[in-house]
Amino acid sequence: MTDTDPLVPVLAGLVVDVVWFLDSCEDDEVDPDSAVKMMESVSWVLGQLPQDQRDRFLKILADLAEAEQDPGRREFLENFPFASGLVEE
């Protein structure tokens, strides 16, 4: 995939949306332990990306946040790199 491939930001957005769902769902929707394990798994996988791919992912997240109209999703996109351990505060 190239930087201009429209699939890249869509997939990055989906990763964030899945984590957002797991983070915000009620205990009766998804087992909390399962949600935490999945979110940790996503963070671990993203943390294993080579630095150039990690930087590209972070740039895409920043672009998505800038374009996002929903304030809640924008905030989650902006905080995702810190919450997932991809960058330090």
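**View 1. Asp 33 is exposed, with a relative accessible area of 54%.** That value puts Asp 33 in the exposed class because the class begins over 50%. Keep in mind as you look around that this is a predicted model. Asp 33 sits in helix H2, which covers residues 32-47. Together with Glu 26, Asp 27, Asp 28, Glu 29 and Asp 31, Asp 33 makes up a negative patch on the surface.

**View 2. A nonpolar patch on the surface brings together Leu 7, Val 10, Leu 11 and Leu 14.** Their accessible area adds up to about 340 Å². Leu 14 belongs to helix H1, residues 7-24. With a relative accessible area of 48%, Leu 14 is partly exposed.

**View 3. Salt bridges link Asp 17, Glu 68 and Arg 73 in a network.** Here Arg 73 pairs with Asp 17, and their closest N and O atoms are 2.8 Å apart. This pair connects distant parts of the chain, since Arg 73 is in helix H4 (residues 71-83) and Asp 17 is in helix H1, 56 residues apart. Arg 73 also meets Glu 68, at 2.6 Å from N to O. How covered are these residues? Arg 73 is buried at 16% relative accessible area, Glu 68 is buried at 15%, and Asp 17 is partly exposed at 30%.

**View 4. Lys 59 and Asp 63 join in a salt bridge within helix H3.** The N to O distance is 2.6 Å. Helix H3 spans residues 51-67, and the two partners are four residues apart, about one turn of the helix. Asp 63 is partly exposed, with a relative accessible area of 37%. Across the whole structure, the search finds three salt bridges.

Terms used: Residues numbered from 1 in each chain as written. Predicted model: local features only at pLDDT ≥ 70, side-chain atom pairs only at ≥ 80, totals over all residues. Heavy atoms only, no water. Patch = residues over 30% accessible without salt bridge, like charges linked within 9 Å, V, L, I, M, F, W, Y side chains within 5 Å. Areas by Shrake-Rupley, 256 points an atom, 1.4 Å probe, with all protein chains shown as cover. Salt bridge = Lys/Arg side-chain N within 4 Å of Asp/Glu carboxyl O. Helix = DSSP H or I, 4+ residues; strand = E, 2+ residues; numbered from the N terminus. Buried < 20%, exposed > 50% of the residue type's maximum accessible area, 1.4 Å probe, protein only. Lys, Arg positive; Asp, Glu negative; His and termini not counted. Charge placed at Lys NZ, Arg CZ, Asp CG, Glu CD.
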